[in-house]
Amino acid sequence: MRHPVTLLSALLFAALVVVPTRPAHAAEVVLPVDIGVGPAAHWVTGPIGDEFAYHPGIKLSVAAVLDNAMIRKLIHRVPPKYQAQALQMQEFRYSPSIFIPDSLVISPGIGHSGMYGVTWEPWSLSVALARAQTNLDISLGAILTYAFLHSDTQAFSTLHFLRPGIAASLKWEVPVTDRFLFSLGWASQLYIPQKLQGPYLEMGGFDDASIWHVGQAFLMLHWRFDYAANL
């Protein structure tokens with residue numbers, strides 16, 4: 001969501017736009033789709049971060065982008081009581097993020113530890129801080145991460161990390177052309193703590209004996225192309 005409207009109206013609008021109508025009423029609509037990819041660096045709070053500062057990875061994003069003109073074209077699909085709110089939205093983005101990872105960690109090990117992992121962000125809410133020639137957004141999302149870590153230190157030898165959490169992100173997006181953009185930002189991923197050693201399901205503490213925070217810096221390149229969908 002690119003505009004501070006109510007969450008309820010945004011979710012209703014997303015459902016009406018994304019879920020196809022019955023074939024008898026379906027019509028072809030051309031939607032701009034934004035695909036973003038770029039390098040990311042991950043820092044794990046605690047001894048893992050002390051051993052090797054940043055674990056490299058990849059940041060990903062796929063989203064259909066509806067501007068205000070497209071929203072007005074589809075406004076008949078929105079319940080009348082929400083149409084006024086929908087018309088105020090300058091931009092709406094829908095991402096099938098439950099299927100597409102938010103990021104990957106690919107770090108075979110430089111120094112004493114290595115890390116391979118994947119993070120999904122199935123739900124997020126964004127608020128625009130600035131809208132001019134560039135876009136500045138802050139967002140909060142629910143995440144799920146699995147990672148395999150290995151180390152040759154006394155802190156641990158191998159670890160399967162699997163935890164839900166929340167991610168707070170700040171992203172600055174700069175359009176270069178109508179079809180090409182770049183963005184950079186920072187995300188703090190906060191998890192239910194998992195101990196480096198001990199029972200797998202036992203909750204750890206917010207200390208160096210657990211993984212509970214991963215910081216992520218990223219730079220992404222975005223390309224936009226037209227996609228014909230039956231809505």
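Start with strand β5, residues 113–131: it gives the lining of the largest cavity its biggest share, 4 residues. What you have open is a predicted model, so treat each stop as a feature of that prediction.

**Stop 1: the cavity**

Select His 42, Ser 103, Val 105, Met 115, Gly 117, Val 118, Thr 119, Thr 145, Gln 189, Tyr 191 and Val 214, and you have the lining of the largest cavity on screen. How much space lies in the largest cavity? About 50 Å³. The structure has 2 cavities of 30 Å³ or more. Colour the lining by strand: β4 (103–107), β5 and β8 each put in at least two residues.

**Stop 2: Val 118**

Stay on β5 and click Val 118, which sits in that strand and is also one of the residues lining the largest cavity. Is Val 118 buried or exposed? With a relative accessible area of 15%, Val 118 falls under the 20% cut-off and therefore counts as buried. Now show what surrounds Val 118. Beyond four places in sequence, Val 118 is in contact with Pro 101, Ser 103, Leu 104, Leu 144, Thr 145 and Tyr 146. Of those contacts, Ser 103 and Thr 145 are also found in the cavity lining. For a distance label, pick the C-alpha atoms of Val 118 and Ile 58: they are 9.5 Å apart, with their positions 60 residues apart along the chain.

**Stop 3: the nonpolar cores**

Next, select Ile 48, Leu 149 and Ile 211. In the largest nonpolar core, which has 15 residues, these three touch the most other members. To see where the core draws its residues from, colour β6 (135–151), β7 (158–175) and β9 (210–230); each of these strands supplies at least two. In soluble globular proteins, nonpolar side chains tend to be buried together.

Zoom in on Ile 48. Which residues does Ile 48 touch, leaving out those up to four places away in sequence? The list runs His 55, Ser 113, Leu 149, Phe 156, Leu 196 and Ile 211. There is also a second, separate core of 12 residues; Leu 31, Leu 66, Val 78 and Tyr 82 are among them.

**Stop 4: β6, β7 and β8**

Hide the side chains and switch to a cartoon. β6 and β7 run antiparallel and are joined by 16 bridges. One bridge to label takes you back to the core: Leu 149 has Leu 159 in β7 as its partner.

Move along to β8, residues 180–195, which pairs with β7, also in the antiparallel sense, over 11 bridges. How many residues lie between β7 and β8 in their hairpin? There are 4. Two pairs are handy for finding your way: Glu 173 has Ser 183 in β8 as its bridge partner, while Leu 170 stands opposite Trp 186. If you turn the side chains back on, remember that in a regular strand they alternate between the two faces of the sheet.

**Stop 5: Ala 64 and Gln 88**

Jump to strand β2 (residues 55–67) and pick Ala 64. Ala 64 is buried, at a relative accessible area of 15%. Its contacts beyond four places in sequence are Pro 32, Val 33, Phe 92, Arg 93 and Tyr 94. From Ala 64 to Phe 92, the C-alpha distance is 8.2 Å, and the two are 28 residues apart in sequence.

Then go to Gln 88, in the loop between α4 (80–87) and β3 (91–94). Gln 88 is partly exposed, with a relative accessible area of 46%. Draw a line from its C-alpha to that of Asn 68: you should read 7.9 Å, for residues 20 apart along the chain.

**Stop 6: zoom out**

Bring back the whole chain, with its 4 helices and 9 strands. From the N terminus, the order is α-β-α-β-α-α-β-β-β-β-β-β-β. Of the 231 residues, 42% are buried. Among contacts between residues at least 6 apart in sequence, 65% join residues at least 24 apart.

Finally, colour by pLDDT. The chain average is 81, and 82% of the residues score at least 70. The stretch at residues 1–9 stays under 50, and the model gives it 24 contacts beyond four places in sequence. Residues 19–24 are also below 50, with 6 contacts beyond near neighbours in sequence.

Note on methods
Residues are numbered from 1 along each chain as its sequence is written. This is a predicted model: local features need pLDDT of at least 70, side-chain atom pairs count only at pLDDT 80 or more; totals for chains, interfaces and linings use all residues. Side-chain values use heavy atoms; hydrogens and water are left out. pLDDT is the predictor's confidence in each residue, from 0 to 100. Contact means heavy atoms within 4.5 Å. A nonpolar core is a set of buried Ala, Val, Leu, Ile, Met, Phe, Trp, Tyr and Cys residues joined through side-chain atoms within 4.5 Å. Buried means under 20% relative accessible area, exposed over 50%, partly exposed in between (1.4 Å probe, protein chains only). Two strands pair if DSSP finds at least two bridges between them. On a 1 Å grid over the protein atoms alone, a cavity is a set of points where a 1.4 Å probe fits but cannot get out, and a pocket is an open set with protein on both sides within 12 Å along at least five of seven lines; lining residues have an atom within 4 Å of a point. Grid points are joined across faces, edges and corners, and a volume is the space filled by probe spheres set on the points.
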